[in-house]
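Reader: Could we go through this model together? I would like to begin with the ligand and then turn to the domains.

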Amino acid sequence: MSDYDLKALGNAKISHLRPAKTDRFWFGAPYYPEHWDEKTREKDPERMAAAGFNIVRMAEFAWDMIEPREGEFEVSFFDQMIERLGKKGIMTMLCTPTAAPPRWLTVGFPKVVRVNDNGVPMCHGSRQHCCHNNEMFRKFSWIITQKMAEHYKDNPYVAGWQTDNEINCHFSECHCESCQKEFQKFLRWKYEGDISLLNKAWGTAFWALTYVAFDDIETPKRSKPTYVNPACELDYFRFVAFSVARFQHEQVEILRNAQPKWFITHNGIMRLVDYRGLFTKDLDFLGYDRYPMFDNDHQNRDAGGAYQLDHVRSLSGNFMIPEHQAGPGGQMPYFHDNPEPGEIRNMTYSSVARGCDSILYFRWRTCRFGAEEYWCGILDHDNIPRRRYREFVQIGNEMKKVGKEVLGTSVFIDCAVASGDFDSGYAHATYPLGLPDPGWMGGVAHKMLYNSGYAVGCVHPEDDLSGLKLYIIPNWPLFNPEWVPSLEKFVKGGGTLVISARTASKDMDNNVVPETLPGCLRRLAGVSVEEYGKLNRPEQRPFALKFKDKKLKSEIWYEILNLEDASVMAKWSGRHLDGKPAISFRKLGKGNVIYAGTYLTENILKVLIPELAKIAGLKPVWPSAPGGVETVLRFNGKKKIWFFMNHNDGKVTVKKTPAGENLITGAKNSGKAITLERYGVAVIREG
Ligand code: GAL
């Protein structure tokens, strides 16, 4: 494989409907036996087994133990731990320990370290300090991966691997010497060695940027002294994503060659990794580290969390959670809310309902030292099992049944938002104009659909759109014209498509499109944009949308539309926009296309969503579920598993429920009312 033959990397087909490739629902915790003495560890296997564990994750930060000096390997400690747990029925997911390279490597080969935007090299002392493009670091990463893979390939207790740990969590944009060379190589590959193609794609005629040779190109550094070229910056971001996909691939190849039966995953979601791209195609399933308590707004946690989970599923299909919040997380500057009794269980069921096919809780025991000594795990510092442990015993034992049932099923949705795309998201990041992130409006629309009880999810425009009645594409400036035919098919087949302002204003090079807006979507939407503007002080120059008998404040952006093959759904009101088309409506085939020449903020969506639901024929997924009860259906053919999670601050009753088996209690469910306590949940297999 040539270094830059991107296509030779993973090739799995990704869809939001794809179940995770695992024949077991894994349940457990990341475990750091190296942080404790033998006496403290003694009861761990027994306590884990009592909590229904069938897996632990180990060794992601233990490179210095496994290779204490260059070329000297010492695995007996982990061998013992793996065997001891294995004998209790607990398998191990090992990690390539490359997120925490040892001191001998950083000090002995100083060029391995990452260098920031200001030219400052990182140093030893925390983690993720080495560059994925540095040959020495890559070489030592292969060696440690190879050694561990060889050693464990026949170990019956090793089930799979996590590559590295949260790649790009702390640091993503490196500017070291290796990155300069590799960036040039990447561009030479992308532009087929023809510098004139690069000059054209980047628009280097602007501000004397013209290159005569690839060797002259440097990684773009912000504010040196002012704004950089956005086309160059997006290519740099793509290069960073490529580098981490390649870095991971080098490990995946070694692991798969050693033992094809192992599952391989990685834990995200971090910056500058293309999780719908090569990176995830290389894995059996993606991992998503879920820490809902980072949001201090308790009232937003269920809807916000649902959006995150749905977004992850849109990237990878069903996924694993290798780290789920187990208690209050704390690092030097902050300390999260302590999850109340029942809260983690409630979050666990939301996760499983929305596509999580295995879950581990960070971490088994709270560490007494180091940078995360207040990151509270299942057990406290003093190793005494308390309330949190007892809750995990309950969850673990429930998951023995529920987990088995959900494997192989998909999450049912009939409306969706396009929540994110690498190119589109990072194109926006290169040139935000002070406007909200494309994912932001997706989140607002998702929340409104979620709160109305619809079966909402997230779907990427290149994914399978079948089954959707309503599909919302928020403000995605960069829009790949290759996505348009399937959108057209979706509409003609009966779907309602909503496209919001500024979508398709940028081309794949991240330059503004030459066509009249909305570029490649103009024909489909049947409108063109006559003029646009940003609303920086809307209180001084107020504009509103006139929709039916309502006036809705518009606060971010306006576009004046020309109706080419569409009718008007809402008009502008105010100043020089008065009476001009603001939202268009086009009937096409059996479906509809709606183009909104503004950002769909919460006050607008409050009025628009009921209307869209009517047009699209949406019905709440379980109409008798009261407000604040998240209801999700997982299905496969005729199999239907219903999840009800109560997020209200008191108990509620679901008046009618599906008849079938209550998978938590094992009892027959007659279909009558169920009362859910605060944080209460019910899971029912219909039929
Ligand atoms: C994750 C990381 C873990 C630990 C945890 C708590 O981001 O993967 O290693 O740091 O957060 O901070």
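Reader: Which residues are around the ligand?

Author: The model is a predicted one. In it, the ligand is surrounded by Phe61, Arg127, Asn165, Glu166, Asp289, Tyr291, Glu323, Gln331, Phe362, Glu372 and Trp375.

Reader: How does that shell divide into nonpolar, polar and charged residues?

Author: The shell holds 4 nonpolar, 2 polar and 5 charged residues.

Reader: What distance separates a polar side-chain atom of Glu166 from an oxygen atom of the ligand?

Author: The distance for Glu166 is 2.3 Å. Side-chain N or O atoms of two other residues also approach ligand oxygen atoms: the separation is 2.4 Å for Glu372 and 2.8 Å for Glu323.

Reader: And how much of the ligand does the protein bury?

Author: The protein buries 94% of the 300 Å² that the ligand exposes when taken alone.

Reader: Changing topic, what domains does the assignment give?

Author: The assignment gives domain 1 (27-408), domain 2 (415-616) and domain 3 (629-686). The C-alpha centres of domain 1 and domain 2 are 35 Å apart. Their contact involves 25 residues from domain 1 and 28 residues from domain 2.

Reader: What area do domain 1 and domain 2 bury between them?

Author: They bury about 2200 Å², with 54% of it on carbon and sulfur atoms. On the domain 1 side, Leu234, Arg276 and Tyr307 lose the most area to domain 2, together 28% of what that side buries.

Reader: How many salt bridges are found across that interface?

Author: There are 3 salt bridges between domain 1 and domain 2. Separately, 13 residue pairs are in polar contact between these domains.

Reader: What is the N to O distance in the salt bridge of Arg238 and Asp423?

Author: For Arg238 and Asp423 it is 2.9 Å.

Key. Residues are numbered from 1 along each chain as its sequence is written. This is a predicted model: local features need pLDDT of at least 70, side-chain atom pairs count only at pLDDT 80 or more; totals for chains, interfaces and linings use all residues. Side-chain values use heavy atoms; hydrogens and water are left out. A residue is near a molecule or strand if one of its heavy atoms lies within 4 Å of it. A polar contact is a pair of N or O atoms within 3.5 Å; within protein, one must be able to donate a hydrogen and the other to accept it, and residues adjacent in sequence count only if both atoms are side-chain atoms. Accessible areas come from the Shrake-Rupley method with a 1.4 Å probe; for residues, only the protein chains shown count as cover. Ala, Val, Leu, Ile, Met, Phe, Trp, Tyr, Cys and Pro count as nonpolar, Asp, Glu, Lys and Arg as charged, and the others, Gly among them, as polar. Domain bounds come from an automatic or database domain assignment. Contact means heavy atoms within 4.5 Å. Buried area is the accessible area (1.4 Å probe) that two parts lose on being put together, summed over both. A salt bridge is a side-chain nitrogen of Lys or Arg within 4 Å of a carboxyl oxygen of Asp or Glu.
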